[in-house]
Amino acid sequence: MSNPKLEVLTPQNSQIIFIDHQPQMAFGVQSIDRQVLKNNAVGLAKAARTFNIPTTITTVETQGFSGYTYPELLDVFPNQPILERTSMNSWDDQKVRDALAANGRKKVVVAGLWTEVCNTTFALCAMLEGGYEIYMVADASGGTTREAHDYAMQRMIQAGVVPVTWQQVLLEWQRDWAHKDTYDAVTGIAKEHSGAYGMGIDYAYTMVHKAPQRGTTSHETLAPVPAR
């Protein structure tokens, strides 16, 4: 018997939705450092752009409450339509349903705020009513408390949602370092957004492979001079 959850994510079988990465929603997040959250969400967005993943961005009450989507995220997708809505559940807006259906892919990678509200309700309804498979990016999403995030993740997992992390998704899409058409972009994303892993790539490139430093400005190194 075939189990679609045994299929790895590929650039051909998945799409992605960013839900409410807006400042007022981020202000309430306590489950993850908010700067780390933004870093992870933007890294995930760059991964989606690199692999040409069909992308949906949805917002709630932008003018009345939540503010505009992170500019760093929007800049990854120039001219991308933003799907505004009133419901806390993106599934309640027909534009969102139509966008997902138009992409023609049943594996939906999800990142959003808040985990326990907008992410959970969308995931449950999209699975129940739309027949989608949901891959919830835990570290590009956030809840109002650690417990709120964790129990929402547990509830979704019990319902069949697959938990993932942003870097896991990036590397699953890459899959093989022999895929040279995306190699440089993927390692570039890692250098910018993957913390110690990215630092390790910089170190290996410059110290082992003797590549030039990736900074955009030059700096003269002055030799040590013992004090007299």
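**Exercise 1. Strand 4 and its partners**

Task: In this predicted model, how many bridges join strand 4 to strand 5, and which residue of strand 5 is the bridge partner of Val108?

Solution.
1. Take strand 5, residues 133–137. Four bridges join strand 4 to strand 5, and the two run parallel.
2. Find Val108. Its bridge partner in strand 5 is Ile134.
3. Turn to strand 1, residues 14–19. Strand 1 pairs with strand 4 in the parallel sense, over six bridges.
4. Check one position there. Gly112 of strand 4 stands opposite Ile19.
5. Trace the connection from strand 4 to strand 5. Helix 6 (residues 115–130) joins these two strands in a right-handed β-α-β unit.

**Exercise 2. Burial of strand 4**

Task: Which residues of strand 4 lie on each side, and are they buried or exposed?

Solution.
1. Start with the general pattern. Side chains in a regular strand alternate between the two faces of the sheet.
2. Sort the residues. Lys107, Val109 and Ala111 are on one side. Val108, Val110 and Gly112 are on the other.
3. Apply the cut-off: buried means under 20% relative accessible area.
4. Read the result. Both faces are covered, and the residues on each are all buried.
5. Conclude. Six of the six residues (107–112) are buried, so strand 4 is largely enclosed by the rest of the structure.

**Exercise 3. The whole sheet**

Task: In what order do the six strands form the open sheet?

Solution.
1. The order is 3-2-1-4-5-6, with parallel pairing.
2. Strand 3 (82–85) and strand 6 (162–164) are the edges; each pairs on one side only.
3. From one strand to the next, the twist averages 25 degrees.
4. Add helix 2, residues 34–50. Helix 2 packs on the sheet and touches strands 1, 2, 4 and 5. Its direction makes about 150 degrees with that of strand 1.

**Exercise 4. Nonpolar cores**

Task: How many residues has the largest nonpolar core, and which have the most contacts inside it?

Solution.
1. Recall the tendency. In soluble globular proteins, nonpolar side chains tend to be buried together.
2. Count. The largest core has 33 residues.
3. Pick out those with the most contacts inside it: Phe18, Leu44, Leu73, Val137 and Trp173.
4. Map the core to elements. Those giving two or more residues include strand 1, helix 1 (23–27), helix 8 (166–174) and helix 9.
5. Find the largest share. Helix 2 gives it, with seven residues.
6. Look at Phe18. Beyond four places in sequence, its contacts include Ala41, Leu44, Thr56, Phe77 and Ala111.
7. Note another core, apart from the largest. It has 19 residues, among them Leu83, Val108, Ala126 and Val161.

**Exercise 5. Cysteines and a threonine**

Task: How many disulfides does the structure hold? Is Thr182 buried or exposed?

Solution.
1. The disulfide count is zero.
2. Check Cys118. Its nearest cysteine sulfur is that of Cys125, 12 Å away. A disulfide needs sulfur atoms within 2.5 Å, so this pair does not qualify.
3. Cys118 has 3% relative accessibility and counts as buried.
4. Move to Thr182, in helix 9 (residues 180–193). Thr182 is buried, at 9% relative accessible area.
5. List its contacts, leaving aside neighbours within four places in sequence. They are Thr50, Phe51 and Gln174.

Key
Residues are numbered from 1 along each chain as its sequence is written. This is a predicted model: local features need pLDDT of at least 70, side-chain atom pairs count only at pLDDT 80 or more; totals for chains, interfaces and linings use all residues. Side-chain values use heavy atoms; hydrogens and water are left out. Buried means under 20% relative accessible area, exposed over 50%, partly exposed in between (1.4 Å probe, protein chains only). Two strands pair if DSSP finds at least two bridges between them. A crossover is right-handed if, with the strands pointing away from the viewer, the path from the first strand over the helix to the second runs clockwise. Contact means heavy atoms within 4.5 Å. Axes are lines fitted to C-alpha atoms, for helices over the stretch in contact, and angles run from 0 to 180 degrees between N-to-C directions. A nonpolar core is a set of buried Ala, Val, Leu, Ile, Met, Phe, Trp, Tyr and Cys residues joined through side-chain atoms within 4.5 Å.
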